[in-house]
Amino acid sequence: MGTYLYRLGQASHRHRRVVLALWLALLGLAGAGTATLPGAGTATTSSAGTATPASTAAGTLVAAGSESQRAADLLRRRLPGTGADTATARLVLTLDAGDGARARLDDPVHRQAIEDVLAALGQAPLVGRVGDPFGGSGPGADGEPGAPGVGSVEGGISSDGRTAYTQVTYTVRDTQLTARARAALFAAAGPARAAGIDAEFGGTALDGVPERSYLGSAEPAVAAGILAAAVLAAVLGVLIVAFGSSVAAALALLTAVVGVTVGGCAAWVVTSRTGTGPATPLPMPMPVAVAVLGLTVATGDALLVVTRYRNGLAEGRRREEVAGNAVATAGSVVVLSGLMTAGTLTALSVARVPALTTIGLASAGIIMIATLGTLTLLPAVLGFAGSKVTARATGRSSRGRDGGERWGRFLVRRRIPALLLSLAALGAVAAPVADLRLGLPDSGATASEGTQRRAYNQLAAGFGAGFNGPLLLVVDAADSADPTAAAGRVRTAVAALGAVALTTEPRFDPSGDLATMTVIPVSGPGDPGTADLVRRIRAEAGALAVTTGTRVWVTGRTAIDLDVSWRLSRVLPLYLTVLAALAIAVLAVASRSVLVPLKGVLSAGLSAVAALGAMVAGFQWGWLGGGLGVERNGPVAAVLPIVVIGLLTALATSHELHLVARSRAELLRTGDPGQAVVRGTADAARAVTASTIITVVASGAVVAASTGVMAGDLGALAAPAGPVTASIGLVLAFGVTVDAFVVRLTLGAAVMSLLGRAAWWLPRPPDHLPAAASPGPAASPPLPAEAPTPVSAEAGTGAGAGAGASV
């Protein structure tokens with residue numbers, strides 16, 4: 001591999017104008033392709049004037065092949081507009097105690113204000129129908145007129161007349177709702193508020209969307225640009241400190257940004273044009289987290305190549321040869337790091353959740369394009385910079401490397417205490433994992449100051465918690481002699497199961513043999529009782545098939561979310577196995593040993609368990625106290641572990657590659673395993689620290705934007721994010737920090753010192769395999785035989801960055 005990488009780097013440097021022109025053309029094509037897509041957050045309009053989804057292939061999270069998704073697909077064909085997986089919003093209207101004990105919402109003044117609200121909602125963009133809280137539902141609704149205190153599916157008023165609600169059903173999924181549609185939803189409540197009625201909002205249309213996001217003056221795109229600029233400025237500052245040169249730092253960051261941008265635009269265009277993804281970015285955690293991962297990995301890879309290039313220039317060698325050697329010596333780490341990260345993202349497909357599969361495959365493509373940019377674009381732009389990349393070298397970097405070497409020597413001397421203390425610290429952080437519960441957090445777990453939490457509480461107080469998470473029952477009575485009677489018997493049987501607050505009358509399709517009815521549980525959507533009810537209905541379906549000749553399915557947003565949670569919980573062991581196999585394969589190629597890959601995988605597991613422990617304490621136990629918009633104790637969202645563990649494993653393995661590359665090179669040079677640990681730790685300290693800071697900075701920006709912490713216009717970024725995204729950002733930052741400083745630079749170094757030469761044992765070394773620490777191409781005559789990259793004064797400017805700064 002070294003020979004091919006050497007030629008690639010040399011050719012890219014020699015033909016730098018052509019390479020730069022090609023990358024600029026790719027950037028222009030990707031941007032132009034993105035610009036031709038439908039506008040962000042918009043939906044197309046049919047000839048009839050009704051809004052239709054721009055794409056339905058990968059909207060919200062669904063479990064492919066699950067009962068809820070099969071039923072939703074059936075309804076989409078037979079009863080379009082039923083709302084099984086379309087966006088819905090709840091408007092909850094309440095009179096507070098200050099309005100007088102006898103005041104009611106059905107009084108003439110209050111009723112007129114509410115009717116004005118309903119009229120405004122009916123004219124709002126993308127709205128299909130609006131429920132009537134005063135005794136009826138909109139055209140084609142699933143519910144039946146609701147009596148006071150009972151409520152229907154789409155509207156009702158409480159027995160005391162002080163709480164009412166209406167359900168707004170949209171024609172598109174929540175991922176395709178526009179900011180204008182949500183703003184119109186909020187604005188429609190104006191007449192009610194003017195009449196002294198408290199109005200709060202909930203429902204799937206607002207999942208993870210703070211109200212203030214659509215009441216501010218800033219466009220989300222503007223706010224995103226401001227935040228991105230702030231993050232890039234912070235990353236640039238970290239790189240300047242690592243390099244001691246603003247030119248070198250700027251080139252490394254430029255290459256990373258171009259690679260991630262080209263890859264991201266290309267992925268967006270491909271998934272949109274092929275129908276495998278939505279026409280707008282999904283408002284879910286993965287795209288944001290992958291952007292963090294892509295920037296971190298690409299920046300770290302560029303950090304490595306630039307440092308090798310600077311080292312070569314410091315030795316007085318020809319630039320073209322130096323570029324080839326930089327790519328040859330660093331390229332194996334870059335390639336293996338990219339393959340590991342891409343493999344981790346691709347492995348998300350084992351969950352068989354179409355949205356995760358689409359995002360995982362697209363993100364893997366982004367990482368590989370960014371890796372290609374590091375291997376080709378970076379040598380080209382280094383050729384334009386010439387010796388300016390070494391324009392400023394300071395003693396600060398050398399002191400940093402000396403500190404890393406002192407730490408390495410300390411660990412070799414105190415390896416047993418370091419090992420025990422590290423394990424004790426990890427054990428303390430990981431202890432809460434024993435109480436891990438995966439489930440479906442609902443609006444009742446969000447911060448109390450949010451409109452969704454207030455709407456949840458008011459609806460639960462007036463009607464019952466189950467009205468926040470209705471279930472949709474689908475009855476196929478095609479094989480029944482009397483479909484109407486059969487559907488009625490199904491309704492009776494379900495109501496008899498207990499824990500059911502309301503079951504609506506069956507509603508049939510035009511053929512008369514497919515019926516739907518809504519089941520309101522007694523418990524809320526995130527409570528174990530609701531999940532148990534879904535299981536009992538499905539268990540009863542077999543008996544109903546025999547006694548009524550019908551087939552019964554449970555769907556609706558609550559059931560779909562439950563199926564996704566159950567699917568992700570079941571597939572997590574398989575996903576972990578795939579990640580372990582990928583990491584072992586990559587580290588085996590890098591180290592040519594048996595124990596180093598095993599040590600790397602086990603240590604990555606420790607980092608993941610520590611992150612999960614923090615996740616349980618922060619979100620399930622509620623230690624964060626609402627700091628991220630999560631207040632009530634409850635289960636951890638099932639999507640969090642699979643996303644966080646995947647991203648953390650990719651970053652941890654890249655850190656391990658960084659350490660292995662330099663340690664093995666030093667072992668080949670000196671034959672001293674202790675010195676290999678010292679030098680590997682010394683050279684890795686700065687790079688691992690820099691990459692960790694970059695990850696924390698990017699993740700911190702995600703957390704701040706998701707929770708609306710940032711003041712002013714940046715609050716608009718909370719729209720596509722929300723508590724789940726903020727949780728991923730926080731846990732990822734914590735996990736990477738623990739992995740870098742506790743696991744890699746302390747525990748891992750202590751274990752390697754204890755193992756000594758045995759760590760590098762391999763029965764029959766496969767010489768044909770490439771090694772990440774390969775000193776250079778064997779068949780490159782212009783190059784002198786180079787053992788590991790020499791450490792000189794110049795290496796100090798990025799020596800930490802220099803030994804495979806792959807993150």
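A residue is called buried here when its relative accessible area is under 20%. The views below come from a predicted model.

**View 1. The whole protein, seen through its elements, its buried residues and its surface.** The protein contains 22 helices and 14 strands, and of its 807 residues 59% are buried. About 28700 Å² of the protein is exposed, and carbon and sulfur atoms supply 63% of this area. Among the contacts with a separation of 6 or more, 81% are accounted for by residues that stand 24 or more positions apart.

**View 2. Helix α2 packed against helix α8.** Helix α2, made of residues 16-35, and helix α8, made of residues 246-273, have axes 9 Å apart and pack at an angle of about 40°, which makes α2 oblique to α8. The crossing of this pair, α2 and α8, is left-handed. On the α2 side the meeting residues are Trp23, Leu26, Leu27, Ala30, Gly33 and Thr34, while α8 contributes Val258, Thr261, Val262, Cys265, Ala266, Trp268, Val269 and Arg273. Sorted by character, the residues of the contact of α2 with α8 are ten nonpolar, three polar and one charged.

**View 3. Helix α18 crossing helix α19.** The axes of α18 and of helix α19, which spans residues 639-670, come within 9 Å and cross at roughly 140°, and α18 and α19 are therefore oblique to each other. In this case α18 passes α19 in a right-handed crossing. From α18, the residues Val596, Lys599, Gly600, Ala604, Ser607, Ala608, Ala611, Leu612 and Met615 meet Leu640, Pro641, Val644, Ile645, Leu648, Ala652, Glu656 and Val660 of α19. The residues of the contact of α18 with α19 divide into 13 nonpolar, two polar and two charged.

**View 4. Ser603, a residue of helix α18.** Helix α18 covers residues 595-620, and Ser603 lies in it. The relative accessibility of Ser603 is 5%, so Ser603 counts as buried, given that the cut-off for a buried residue is under 20%. When residues up to four places away in sequence are not counted, Ser603 touches Val743 and Arg744.

**View 5. Gly343 in helix α10, shown together with Gly360.** Gly343 belongs to helix α10, which takes in residues 319-346, and Gly343 counts as buried because its relative accessibility is 15%. Along the chain Gly343 and Gly360 are 17 residues apart, and their C-alpha atoms are separated by 9.1 Å.

**View 6. Leu126, a residue with a positive phi in a loop.** Most residues other than glycine have a negative phi. Leu126, which is not a glycine, has a positive phi near 70°. The loop that holds Leu126 runs between α4, residues 108-122, and β4, residues 127-130. With a relative accessibility of 15%, Leu126 counts as buried.

**View 7. Ala499, a residue with a positive phi in the loop between α15 and β10.** Although Ala499 is not a glycine, its phi is positive, at about 60°. The loop in which Ala499 is placed lies between α15, residues 483-495, and β10, residues 500-503. The relative accessible area of Ala499 is 36%, so Ala499 is partly exposed, a class that lies between the cut-offs of under 20% for buried and over 50% for exposed.

Conventions
Residues numbered from 1 in each chain as written. Predicted model: local features only at pLDDT ≥ 70, side-chain atom pairs only at ≥ 80, totals over all residues. Heavy atoms only, no water. Axes fitted to C-alpha atoms, helices over the stretch in contact; angles between N-to-C directions. Helix = DSSP H or I, 4+ residues; strand = E, 2+ residues; numbered from the N terminus. Parallel < 35°, antiparallel > 145°, perpendicular 65-115°, else oblique. Left-handed = near helix turned anticlockwise from the far one by under 90°. Contact = heavy atoms within 4.5 Å. Nonpolar A, V, L, I, M, F, W, Y, C, P; charged D, E, K, R; others polar. Buried < 20%, exposed > 50% of the residue type's maximum accessible area, 1.4 Å probe, protein only. Areas by Shrake-Rupley, 256 points an atom, 1.4 Å probe, with all protein chains shown as cover.
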